[in-house]
Amino acid sequence: MTPRPKPGSKADRDALRYDMTAVGCTITDIALEMRTRYGMRPREAWRHARGWTLQEAADRITQVSSQHRGEAVAADASLLAKWEKWPGPSARRPTPSVLLAMADAFTCRVEDLLDLDDRRAMPDADLRLLSGAASSPEPPPDTRTAAATVPEPSGSELVRLAADESATWAQ
């Protein structure tokens with residue numbers, strides 16, 4: 001009899017991903033199960049659902065951001081780990097550009113990368129900007145959230161949002 005891997009270990013996550021894929025589960029299903037089973041933050045669960053290391057995910061995020069958005073996000077394993085753990089201690093808040101690049105890399109919606117804790121800790125300006133992002137496919141009508149009804153920011157509002165983001169990075 002083969003010993004069962006330690007819960008939450010790489011071997012355990014790989015076995016879960018394999019088992020779920022074998023019965024027809026989607027990447028979304030796998031990410032949700034990893035969040036539930038292992039108590040992961042959403043961004044970390046999506047990375048593990050793909051089976052990527054921190055560096056592999058960082059490389060893909062950097063690659064897709066420069067290909068699809070024109071605004072390159074320079075990610076490395078250490079920075080990605082901080083983005084995954086936010087809003088916890090020793091973490092770093094991902095900007096809207098980072099979240100959009102992550103969504104492209106993981107082939108999910110930005111909303112899939114955020115939970116209630118993230119939304120509570122995220123500046124309103126970022127939430128408004130993300131709710132109007134063109135890269136997020138329209139959710140089905142029955143899953144629409146209140147955030148989806150927030151109007152898109154105007155030109156002057158976008159300038160203010162960019163200034164706020166720059167000030168945050170400068171700090």
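## A tour of an all-helix chain

Start with the whole chain in cartoon view: you'll find nine helices and zero strands. Keep in mind that this is a predicted model. If you trace the chain along its sequence, the pattern reads α-α-α-α-α-α-α-α-α.

**Stop 1: the whole chain.** Switch on a surface. The accessible surface comes to about 9,700 Å², and 54% of that belongs to carbon and sulfur atoms. Of the 171 residues, 37% count as buried. How much of the contact in this chain links residues 24 or more positions apart? Among contacts with a separation of 6 or more, such pairs account for 53%.

**Stop 2: H1 and H2.** Now select residues 10–22, which is helix H1, and then residues 27–38, which is helix H2. When two helices pack, we describe them by the angle between their axes and the distance between the axes. For H1 and H2, the angle is about 140 degrees and the axes are 10 Å apart. Are they parallel or oblique? An angle over 145 degrees would count as roughly antiparallel, so at about 140 degrees H1 and H2 are oblique to each other. Their crossing is right-handed.

Show the side chains where they touch. From H1, pick Asp-12, Arg-13, Leu-16, Arg-17, Met-20 and Thr-21; from H2, pick Asp-29, Ile-30, Glu-33, Met-34, Arg-37 and Tyr-38. Colour this contact by class and you get five nonpolar, one polar and six charged residues.

**Stop 3: Asp-14.** Stay on H1 and click Asp-14, which sits in that helix. Is Asp-14 buried or partly exposed? With 27% relative accessibility, Asp-14 counts as partly exposed, because buried means under 20%. Next, click Gly-51 as well. Asp-14 and Gly-51 are 37 residues apart in sequence, yet their C-alpha atoms lie 7.1 Å apart in space.

**Stop 4: H3 and H5.** Select residues 42–50 for helix H3 and residues 77–85 for helix H5. Their axes come within 6 Å and cross at roughly 125 degrees, so H3 and H5 are oblique to each other. Arg-43, Glu-44 and Arg-47 of H3 make the contact with Leu-80, Trp-83, Glu-84 and Lys-85 of H5. Sorted by class, that contact has two nonpolar residues, no polar ones and five charged ones.

**Stop 5: H3 and H6.** Keep H3 selected and add residues 96–106, helix H6. What angle do H3 and H6 make? They pack at about 25 degrees, with their axes 11 Å apart. That makes H3 roughly parallel to H6, because angles under 35 degrees count that way. This crossing is left-handed.

Where do they meet? Look at Arg-43, Trp-46, Arg-47 and Arg-50 in H3, which meet Leu-99, Met-102 and Phe-106 in H6. Here the split is four nonpolar, no polar and three charged residues. You've seen Arg-43 and Arg-47 already, as part of the H3 contact with H5.

**Stop 6: inside H6.** Hide everything but H6, then bring the rest back as a see-through surface. Because 10 of its 11 residues are buried, H6 is largely enclosed by the rest of the structure. The buried residues to highlight are Pro-96, Ser-97, Val-98, Leu-99, Leu-100, Ala-101, Met-102, Ala-103, Ala-105 and Phe-106.

**Last stop.** Step just past H6 and check the backbone of Thr-107: this residue takes a positive phi of about 50 degrees.

Terms used:
Residues are numbered from 1 along each chain as its sequence is written. This is a predicted model: local features need pLDDT of at least 70, side-chain atom pairs count only at pLDDT 80 or more; totals for chains, interfaces and linings use all residues. Side-chain values use heavy atoms; hydrogens and water are left out. Helices (H or I, at least four residues) and strands (E, at least two) are DSSP runs, numbered from the N terminus. Buried means under 20% relative accessible area, exposed over 50%, partly exposed in between (1.4 Å probe, protein chains only). Axes are lines fitted to C-alpha atoms, for helices over the stretch in contact, and angles run from 0 to 180 degrees between N-to-C directions. Angles under 35 degrees count as roughly parallel, over 145 as roughly antiparallel, 65 to 115 as roughly perpendicular and the rest as oblique. Contact means heavy atoms within 4.5 Å. Ala, Val, Leu, Ile, Met, Phe, Trp, Tyr, Cys and Pro count as nonpolar, Asp, Glu, Lys and Arg as charged, and the others, Gly among them, as polar. A crossing is left-handed if the near helix is turned anticlockwise from the far one by less than a right angle, and right-handed if clockwise. Accessible areas come from the Shrake-Rupley method with a 1.4 Å probe; for residues, only the protein chains shown count as cover.
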